[in-house]
Amino acid sequence: MTAIVKFTGLAALCLTGLATHAIAKPLIVYTPQAVDRLPEIEAFVEDRTDIDVEFVNMGGGAVYDRVLAERNNPQADVIFGLIDFLTAGLKLEGVLQPYELENLEGLPAIYRDPDGYFYGYRQTPITLSYNADLLSAEDAPKAWEDLADPEWNGKFMIGALTWQTTRAILAGLFPRQIDSDGQMTDEGWDWFNKFYGNAVIYEDGMNRAELMASGENVVSLNHYQGVQSDAANGGYDYAYVNTVGGTPIVVERNAILAGTDNLEDALAFLEVVQSVEFQVWNAETFGVIPVHPDAIAQSPAEIRAAAEMFTTQAIDWDLMAENLDGWLERIQLDML
């Protein structure tokens, strides 16, 4: 196993501004996080370090695919904010470097990779919600499984398979259709055929907010904040469903790529973005939900409430990492 590197000693100089670089080398960070937030995150990090951060933004699935494509010639140093099963998959592929930080005290075990390859910094409920101006709680779907029923044909939208949110939605759906050995059943594939038969596939030029506001779609499959953003843009009220069987809660995690030649800056960057200070700032600035209990306790009231709103769906993320590509390929070839 690759040796675990730790943020101590020389790496800490990056935070104090004492380190000097004969040739300024940017820290290349692959991230699926919202592109409009990255300038403020970059400023937060650079105000506290002497690191020149260069974010490369793309969808979560695209981050995963690109890292694997660059396996023999890594172009990035850090992955920032990639969800559970994608980071687990990269660990299985052997392209990550384990590490430790000094500020991980109090971080619950569920947000730590047991081998030290990645750590969570924010959590995101992947929600089923609806336009509450057009649909009552009584008439809304109660479970994700309901979406294969004929009454929801054309009433909800799902994005491209490369999107991180789409893969997170499917990671919540797959476990509901597998057998005790973790294999997809024939009945499960039949369910997915019906689900995708009902779904509207999001394409460039479509506007989710307008579709939801008009009633063409009335059910939203989206991450927690995406629901709020669409409702604000579309001018409609919304309600979340605490679904039967639970809500998938994905955790955005941070990792170092094996083979980086910028390890000191990578550790210094991660020391900042894993910190309670950053998690609280992130909650206050962007309304996201932290993972560290101290950060949740210091967050605005609505963030604290969101952390307790949903029943968490139990998901075997390692199983998802092992099977996801094959299951996505089946959907791509047979249902899209």
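1. pLDDT is the predictor's confidence in each residue, on a scale from 0 to 100. This is a predicted model, and local features need pLDDT of at least 70, side-chain atom pairs count only at pLDDT 80 or more, while totals for chains, interfaces and linings use all residues. Residues are numbered from 1 along each chain as its sequence is written, and side-chain values use heavy atoms, with hydrogens and water left out. The chain has a mean pLDDT of 90, with 93% of its residues at 70 or more.

2. Where should you be careful? Helices (H or I, at least four residues) and strands (E, at least two) are DSSP runs, numbered from the N terminus. Confidence is lowest in helix H1 (residues 13–16), at a mean of 44, and highest in H6, at 98. Over residues 8–22 pLDDT stays under 50, and the model has 23 contacts (heavy atoms within 4.5 Å) beyond four places in sequence for that stretch. Where pLDDT is low, the predicted coordinates should not be read in detail.

3. On to S4, residues 78–82. Five of its five residues are buried, where buried means under 20% relative accessible area, exposed over 50%, and partly exposed in between (1.4 Å probe, protein chains only). Two strands count as paired if DSSP finds at least two bridges between them. S4 runs parallel to strand S2 (residues 27–31) over two bridges, with Val29 opposite Val78 in S4. With S12, S4 pairs in the antiparallel sense over four bridges; here Ile79 stands opposite Ala255 in S12. As a reminder, side chains in a regular strand alternate between the two faces of the sheet.

4. Which ring does Phe80 pair with? The structure holds 24 aromatic pairs, and in one of them Phe80 meets Phe278 edge-to-face, at 6.5 Å centre to centre and 65° between the planes. That pair links distant parts of the chain, since Phe80 is in strand S4 and Phe278 in helix H10 (residues 276–286), 198 residues apart. For the cut-offs: rings of Phe, Tyr and Trp (its six-membered ring) pair if their centres lie within 6.5 Å, and planes under 30 degrees apart count as stacked, over 60 as edge-to-face and the rest as tilted. Phe80 is buried, with a relative accessible area of 0%, and Phe278 is buried at 0% too. Both belong to one aromatic cluster, made up of Phe44, Phe55, Phe80, Tyr121, Phe269, Phe278, Trp281 and Phe286.

5. H4 is worth a look as well. Seven of its nine residues are buried, namely Asp84, Phe85, Leu86, Thr87, Ala88, Gly89 and Leu90. These buried residues pack against helix H3 (60–69), S4, strand S5 (96–97), helix H5 (164–173), S12 and helix H13 (317–335). Just after H4, Gly94 takes a positive phi of about 75°.

6. Now the charges. There are twelve salt bridges in the structure, a salt bridge being a side-chain nitrogen of Lys or Arg within 4 Å of a carboxyl oxygen of Asp or Glu. One joins the side chains of Asp84 and Arg253 at 3.0 Å, N to O. It connects distant parts of the chain, with Asp84 in helix H4 (residues 84–92) and Arg253 in strand S12 (residues 249–257), 169 residues apart. Asp84 and Arg253 are both buried.

7. What does Lys91 in H4 meet? Its side chain forms a salt bridge with Asp113 (2.9 Å, N to O). Asp113 lies in the loop between strand S6 (99–100) and strand S7 (119–131), 22 residues from Lys91. Asp113 is buried, with a relative accessible area of 7%, whereas Lys91 is partly exposed at 23%. A network of salt bridges links Lys91, Asp113 and Asp115.

8. For a pair within one helix, try Asp190 and Lys194, whose closest N and O atoms are 3.4 Å apart in a salt bridge. The two are four residues apart in helix H6 (residues 186–198), so about one helical turn separates them. Asp190 is partly exposed at 39% relative accessible area, and Lys194 is also partly exposed, at 44%.

9. Last, two charges over rings, meaning NZ of Lys or CZ of Arg within 6 Å of the ring centre and within 35 degrees of the ring normal. The charged end of Arg208 sits over the ring of Tyr202, 5.5 Å from its centre. Arg330 has its charged end over the ring of Trp189, 4.5 Å from the centre.
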